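Open the structure in your viewer and keep the selection tool at hand. Each stop below says what to select and what to look for there.

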Amino acid sequence: DFVGMYPAVPHEIQGIELESHFDIPVYGPYMKSRGTIGVPVDREGRTEILARRMGQVIERGDSILAFPEGTRTVTGRVGPFRRGLFFIARDLGLQIVPTTVTGLYDVMRKGSNTIRPFQEITVWCDAPVDFAGLSDAEVEATVQDVRATISDRVDRYFDGGQR
């Protein structure tokens, strides 16, 4: 998924993924060397460590690319969002740009090593949503709004209304 996003954004972005992925031959060392933000496998203190790492990336002037589902889809549809990144965004005073990607599911599915080339991939970047200063309840509601924006586009894609 990251590979489809990097050329769609005109400035430097850093992704977020489990630190354990850095152990995957070839892929892991490459992602680590390019500055991907590692999420500790151990849940103890994870949020604080991740917030610190994200803050360092933002201070450098880079953007952060995160998939709040925390896993790849097995159906192509948008799964439930984990909310931790949104609370970190609030605490760091960040905006989030709801970004929808369609077509990548058709290129390579979770659990498969088969790449299906020549698929059309489309990236939509919607208006930024400011999370700075939101209450916990407002974060929860805004997360659902962001998810709806993204899942509506994905649903239209799979329902044949948007290719």
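**Stop 1: the parallel sheet**

Select strand 1 and strand 3: they pair in the parallel sense over three bridges. Within this pairing, Gly-15 stands opposite Leu-65 in strand 3. Bear in mind that the model is predicted.

Now add strand 2 to the selection. The three strands form an open sheet with the order 2-1-3 and parallel pairing. Strand 2 and strand 3 are the edge strands, each pairing on one side only. On average, neighbouring strands in this sheet are turned by 30 degrees against each other, direction ignored.

**Stop 2: helix 3**

Next, select residues 46-59, which make up helix 3. How far apart are its end C-alpha atoms? They are 20 Å apart, which agrees with the span expected for 14 residues at 1.5 Å a residue.

Colour Arg-46, Leu-50, Met-54, Gly-55 and Val-57, the buried residues of helix 3. Look down the helix axis: these buried residues fall within an arc of 160 degrees, so they line one face of the helix. On the other side, Glu-48 and Glu-59 are exposed.

What do the buried residues of helix 3 pack against? Show strand 1 (13-18), strand 2 (37-39), strand 3 (63-65) and helix 4 (84-92) to see their packing partners. Helix 3 lies across the three strands, and runs at about 175 degrees to strand 2. Just after the helix, select Gly-61, which takes a positive phi of about 95 degrees.

**Stop 3: strands 5 and 6**

Move to residues 99-102, strand 5. Thr-100 and Thr-102 are on its covered face, while Thr-99 and Val-101 are on the uncovered one. Add residues 122-125, strand 6, which pairs with strand 5 in the antiparallel sense over four bridges. Thr-102 has Thr-122 of strand 6 as its bridge partner.

**Stop 4: the nonpolar cores**

In soluble globular proteins, nonpolar side chains tend to be buried together. Here, the largest nonpolar core has 14 residues. Select Phe-81, Phe-86, Phe-131, Val-139, Val-143 and Val-146, which have the most contacts inside it. Helix 4 and helix 6 (136-158) are the elements that give two or more residues to this core, and helix 6 supplies the largest share, five residues.

Zoom in on Val-143. Leaving aside residues up to four places away in sequence, Val-143 touches Phe-81, Arg-83, Phe-86 and Phe-131.

Finish at another core, which lies apart from the largest one and has eight residues. Select Val-39, Met-54, Val-57 and Ile-88, which are among them.

Methods: Residues are numbered from 1 along each chain as its sequence is written. This is a predicted model: local features need pLDDT of at least 70, side-chain atom pairs count only at pLDDT 80 or more; totals for chains, interfaces and linings use all residues. Side-chain values use heavy atoms; hydrogens and water are left out. The expected span of a helix is 1.5 Å times one less than its number of residues. Buried means under 20% relative accessible area, exposed over 50%, partly exposed in between (1.4 Å probe, protein chains only). The arc is that of the directions from the helix axis to the C-beta atoms. Contact means heavy atoms within 4.5 Å. Two strands pair if DSSP finds at least two bridges between them. Axes are lines fitted to C-alpha atoms, for helices over the stretch in contact, and angles run from 0 to 180 degrees between N-to-C directions. A nonpolar core is a set of buried Ala, Val, Leu, Ile, Met, Phe, Trp, Tyr and Cys residues joined through side-chain atoms within 4.5 Å.
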